[in-house]
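Biologist: Hi, could you walk me through this structure? I'd like to start with the ligand and then wander from there.

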Amino acid sequence: MDVLISGASIAGPALAYWLGRYGHRPTIVEVAPQLRTGGQAVDFRGPLHMGILEKMGVLDELRAVQTHGKAMRFVDEHGERQMEWPADAAGGDLEVFRGDLSRIICAAATDTEFLFGDRIAAMDETPNGVDVTFDSGLQRAFDLVIGADGVHSGVRRLAFGPDAQFVKHLGYYVAGWAVPNEWNLTPDHLWHNTPGRMIGVSGDHTDPSRAAALAVFASPELSYDRHDPAAAKNILRAEFRGTNWLAPRLLAELDSADDVYFDQICRVDVPEWSRDRIALVGDAACGATIGGQGTGTAVVSAYVLAGELAAAGGDHRVAFPHYAERISRFAKGTQKGGDTTGRFMAPQTARGIRMRNYINNQQWFLNLTFKIASSRSTNLKLPAYPL
Ligand SMILES: Cc1cc2nc3c(=O)[nH]c(=O)nc-3n(C[C@H](O)[C@H](O)[C@H](O)COP(=O)(O)OP(=O)(O)OC[C@H]3O[C@@H](n4cnc5c(N)ncnc54)[C@H](O)[C@@H]3O)c2cc1C
């Protein structure tokens, strides 16, 4: 089958990889002009995530670029440690930069055609497929179309309805951008809070001259042009004006930052993951911006979607409902971790920050937290698909 996938981040190329292995012809359309390199470290936990990466043959390559976990240290404005999660706990079984992960999975999807700098403008279902018109004017027919285009999925908007129906704002925004490592920082995360805000930085483990900034702030849902990086930069500058510590230097680097990641912290709940020949995978179907193991879930979901198509002999009417049935409960479990991430990273009062620090400095609490995260990430029995 000719399968069009929207989005070349994690879920899209992972699905293309599997579709290629089953003998289909995947095409990925990505709105960005080239592969996006940005993003903080993302982690994989437990045998389910790791098993699928191994089946994809990308585990060795990923291990070669892994961060080996980063401690997560909250510091006061003098740089004094207030609270810390040790590296082995924070980084799961494998931690890599999102940009490295995306690059490696895209390279593994060798049978895939990539269309960069374009997106789906319209889709017309016919009895035999989907006629797609792209923004560029290109028109092509596909057997299936899959939305792997993130929490604000364009495919979902066209085929299922507007974001407002499916995206729940969780009261926070998150941003990440590259900065020079002028403080000789180690790869550990150094994060600094003021009430309702967190700004921080960590060194790059492969290139000591580079570092990554991360910011989180509490806010009701904002109205801004999501496709305009200048709008995101202005919001960040305004939110963190007056914050001390390294904040002024990190914010100054926004001027020249070229792949700023900026999004609301939200949860995506879509009751039906497919409609006829169109289906959703990854954050588009069940996203949790951060803290909800979205990357691991994306990789698992891509494997199951392609496997169910193979098991059903390519019949999407059988495969799509089976895929959703298998994954949705698992994904709802992992998503839960994302519901409290904003509050954890940037408690809204000074007292809240002190309490967060106190409880997270207790070993028993850390053990419990990671036990819950691990059990969520393995709570799925995978069938053996007929490769
Ligand atoms: C640049 C970037 C940085 C990120 N940084 C972090 C981070 O620091 N920490 C974290 O936990 N998560 C981060 N994420 C999100 C994380 O990658 C996802 O939560 C998770 O990996 C699931 O991936 P996904 O492929 O479903 O969605 P996403 O990773 O969100 O990818 C969606 C892809 O679709 C593309 N796209 C969007 N709309 C369209 C459209 N209409 N047509 C075509 N393509 C479209 C996007 O450019 C993107 O490449 C980041 C995502 C991106 C794109």
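Biologist: Which helices and strands each supply at least two residues of the shell around the ligand?

Modeller: Those are helix H1 (11-21), strand S2 (25-30) and H11. Helices here are DSSP runs of H or I with at least four residues, strands are runs of E with at least two, and both are numbered from the N terminus. Before we go on: this is a predicted model, where local features need pLDDT of at least 70 and side-chain atom pairs count only at pLDDT 80 or more, while totals for chains, interfaces and linings use all residues. Residues are numbered from 1 along each chain as its sequence is written.

Biologist: Thanks! And which element gives the largest share of that shell?

Modeller: That is H11, with three residues.

Biologist: How many residues surround the ligand, and which are the closest?

Modeller: There are 32 around the ligand, and Ser9, Gly39, Gly150, Gly154 and Gly282 are the closest. A residue is near the ligand if its C-beta atom, placed from the backbone, lies within 6 Å of it.

Biologist: How do the residues of the shell divide into nonpolar, polar and charged?

Modeller: Eleven are nonpolar, 14 are polar and seven are charged. Ala, Val, Leu, Ile, Met, Phe, Trp, Tyr, Cys and Pro count as nonpolar, Asp, Glu, Lys and Arg as charged, and the others, Gly among them, as polar.

Biologist: Back to H1, then. How many of its residues are buried?

Modeller: Nine of the eleven residues of H1 are buried, so this helix is mostly covered. Buried means that 20 or more other C-beta atoms lie within 10 Å of the residue's own; with 12 or fewer it is exposed, and in between it is partly exposed. The buried residues in H1 include Ala14, Leu15 and Trp18.

Biologist: What covers the buried residues of H1?

Modeller: The cover includes strand S1 (2-6), S2, helix H5 (98-108), strand S11 (144-147), helix H10 (283-286) and H11. After H1 comes glycine 23, with a positive phi near 95°.

Biologist: Okay, new topic: which residues have the most contacts inside the largest nonpolar core?

Modeller: Ala14, Leu15, Ala215, Val281 and Ala302, in a core of 107 residues. The largest share of this core, nine residues, comes from helix H11 (residues 294-311). A nonpolar core is a set of buried Ala, Val, Leu, Ile, Met, Phe, Trp, Tyr and Cys residues joined through C-beta atoms within 7 Å.

Biologist: What does alanine 302 touch?

Modeller: Not counting residues up to four places away in sequence, alanine 302 touches Ala11, Ala14, Leu15, Trp18 and Val281. Contact means that the two C-beta atoms, placed from the backbone, lie within 7 Å.

Biologist: Let's do sheets. What is the strand order in the open sheet of six strands?

Modeller: The order is S7-S2-S1-S11-S18-S17, with mixed pairing. Strand S7 (113-116) and strand S17 (274-275) are the edge strands, each pairing on one side only. Two strands pair if DSSP finds at least two bridges between them. S2 and S7 run parallel and are joined by four bridges, and threonine 27 has glutamate 113 in S7 as its bridge partner.

Biologist: Why is strand S15 described as largely enclosed?

Modeller: Eight of the nine residues of strand S15 (residues 210-218) are buried, so the rest of the structure largely encloses this strand.

Biologist: Which strands pair with S15 in the antiparallel sense?

Modeller: Strand S12 (residues 167-180) does so through nine bridges, and strand S14 (residues 197-203) over seven. Alanine 213 in S15 stands opposite tryptophan 177 and also opposite valine 201. S14 and S15 form a hairpin with six residues between them.

Biologist: Where does phenylalanine 320 lie?

Modeller: Phenylalanine 320 lies in helix H12 (residues 316-339). It counts as buried because it has 25 C-beta neighbours inside 10 Å. Leaving aside neighbours within four places in sequence, phenylalanine 320 is in contact with Ser274 and Ala279.

Biologist: Last one: how many helices and strands does the protein have?

Modeller: The protein has 15 helices and 18 strands. Its radius of gyration, taken over C-alpha atoms, is 20 Å, close to the 21 Å that the globule rule (2.2 Å times the number of residues to the power 0.38) gives for 387 residues, so the protein is as compact as a globular protein of that length.
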